[in-house]
Every structure is written in structure tokens, then in C-alpha cells.
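Trainee: I'd like to learn how to read domain contacts and internal cavities. Can we walk through an example together?

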Amino acid sequence: AAQAKPLLEVKGLTKSFGGLAAVDGASLVVPEGSITGLIGPNGSGKTTLFNLIDDTIHADSGEVWLAGERIDGLPSWARAHRGLGRTFQITRLFGDLTVLENVVAAQRSFSLEQLGRIAVSGPEAKAAEELLEYVGMRAYRDQKARALSYGQQKMVELAQVLMLDPRLILLDEPAGGINPVLIDRMGEMIRELNSYGKTFLIVEHNMPFVLGLCDPVHVLSRGRTMATGTPAEIQADPAVIDAYLGD
Ligand code: ADP
């Protein structure tokens, strides 16, 4: 692939929990316009790395650059403001709010008190409805989020992320725990959003999904990037095969 500009650069990120280095000097690049994959055995630090990139947890050391700007000193909301969006392995919807209210609420950080009076009319609600239509969830707009299946919650979470119109979207296991039809639809949406200019970094255990969608693919092992390449290169790399077999 041609050398695209890096949209995200992670340099030597480190995070220890009680003496154990969960992320241990991880470095990687997400080229602008790419759908980049992040794979690795259980416990290799993938989710922690996502948490460091968006400051869900603070890094001990290392640098994060987004679109040429250093962002590792910034809090989560400021990173989001600069174009960083993310979803979580376990979705974080407000169960007592409707689907539509959840998507409208993504527009800014609402206090719990404000959450009781989210306007479900006006331009933000219109944008939210359009995004719900896009992810195939418009018919559920007035249902409480807690009534949805796991896969449906993932679709609503994607609509939430899109409300902020991010440049880079971190997806934590978008295909995990959802049925094959939704997995295919999720893959199609990622490809389509990518064609509209969204860049993705995706953690996913479903190998056919990652290898069919992502390029480049980074492989994490023991908190460090141990290999980077095309899906074909990664699959043929003996060190990668060893890291998985040794898990
Ligand atoms: P992955 O997403 O690749 O499965 P994680 O980032 O979840 O890996 O975990 C990496 C390592 O860090 C694991 O050994 C895990 O037990 C540990 N870890 C993750 N989060 C915490 C935490 N909050 N407290 C203590 N240890 C943690």
C-alpha cells in the first residue's frame, strides 16, 4: 500500500497494574484512511492500549499523536473533541433511556440530572434518527436500551460514536458476541464509513473478520507490538504463529 500519512501515532506507551506491565512500550501507526487491525492473545494488552489512547485510563509514559498533534496530555473529552471516537467491548448505554435518547446524549457529556431532560426533537435528534436509520435501529428508537440484544446495543453504540463525527474510530470487538448477519452488516458499515473518510483501529478476536477487513494489522504480544503487516504477511509470520500457539 502507498505510504499514507499517519493519523494516529502511539510511541512507547506503558501502563503497569501493581507491578505487571499490561502495556509495555507499545508503538504503532494508524495510517490516515486505513482500517487498521489490532490482534493478539488474551491478556496481551489490547483493551488497555485502547484505554490509554483515549485516556479512559492514564498512561504511565509514552506519547499519543493524532493528526500531527500530541494529545497524551489531554483528557478524554478533549481527545474526542479532536476527532477520536471509540466503542467499548461491553457497551455503555444508559439502560433506562430510550435508544434515541442514548444517541442524542452522545453529543456531549450530560450530567445525570441533564439526562432526565434530553430533547428528542430539534437538529440533534434529527441527526440521531438518521444515524439510527443508518445502523438499522430506527424501529427501536423509543425502546429502552436495556431491552436490546447485545448486537443491537453495538449498533446503537456505533450510532453514538458517529454523532461526534470522529476522524478516527477505535472499535473494541465490533463482531464479538453478535450473530453472523449483524457481523456481515457491521463489516459492510465499516467499509462504507471508511470510503466516506473515516479511519478505523479495530480490536477483534474474529480472525476471518479482521483479516478480511483490516490492512495493516498490528500484532500485540505481552504489551508490545511484535509484528505489523498485511493480513497475508501476518498469517505467514512464524513469530506471530508462535505467539498465538504459545498463549
Ligand atoms: P487484552 O485486551 O489483550 O485481552 P487487557 O488489556 O485486557 O488484554 O489486559 C492486559 C493485562 O493487564 C492482563 O494481564 C490483565 O489482567 C491486566 N489488566 C488489565 N486491566 C487491569 C486492571 N484494571 N487492573 C489490573 N490488571 C489489569
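Mentor: Sure. Keep in mind that this is a predicted model. Let's start with charge pairing: the count between domain 1 and domain 2 is zero salt bridges.

Trainee: What polar contact does the rule find across the interface of domain 1 and domain 2?

Mentor: Two residue pairs are in polar contact there, both at pLDDT 80 or more. On the side of domain 1 that touches domain 2, the residues divide into three nonpolar, no polar and two charged.

Trainee: Where along the chain do the two domains run?

Mentor: Domain 1 takes in 6-93 + 165-245, while domain 2 covers 96-147. The contact draws five residues from domain 1 and four residues from domain 2. As for spacing, their C-alpha centres lie 27 Å apart.

Trainee: And how do I read the size of an interface?

Mentor: It is often given as the accessible area lost when the parts come together. Here domain 1 and domain 2 bury about 420 Å² between them, with 61% of it on carbon and sulfur atoms. L93, R185 and M189 supply 70% of the area that domain 1 buries against domain 2, more than any other three residues.

Trainee: Now for empty space. How many cavities of 30 Å³ or more does a search of the whole structure find?

Mentor: The general idea is that rolling a probe the size of a water molecule over the atoms shows where empty space is left. In this case the search finds one cavity of 30 Å³ or more. The largest cavity has a volume of about 60 Å³.

Trainee: Which residues line the largest cavity?

Mentor: Its lining is made up of T87, F88, K154, E157, L158, L171, D172, E173, P174 and M186.

Key: Residues numbered from 1 in each chain as written. Predicted model: local features only at pLDDT ≥ 70, side-chain atom pairs only at ≥ 80, totals over all residues. Heavy atoms only, no water. Domains from an automatic or database assignment. Contact = heavy atoms within 4.5 Å. Buried area = accessible area lost by both parts, 1.4 Å probe. Salt bridge = Lys/Arg side-chain N within 4 Å of Asp/Glu carboxyl O. Polar contact = N/O pair within 3.5 Å; in protein donor to acceptor, adjacent residues only side chain to side chain. Nonpolar A, V, L, I, M, F, W, Y, C, P; charged D, E, K, R; others polar. 1 Å grid on protein atoms, 1.4 Å probe; cavity = no way out; pocket = protein on both sides within 12 Å on 5 of 7 lines; lining within 4 Å. Points joined across faces, edges and corners; volume = space filled by probe spheres on them.
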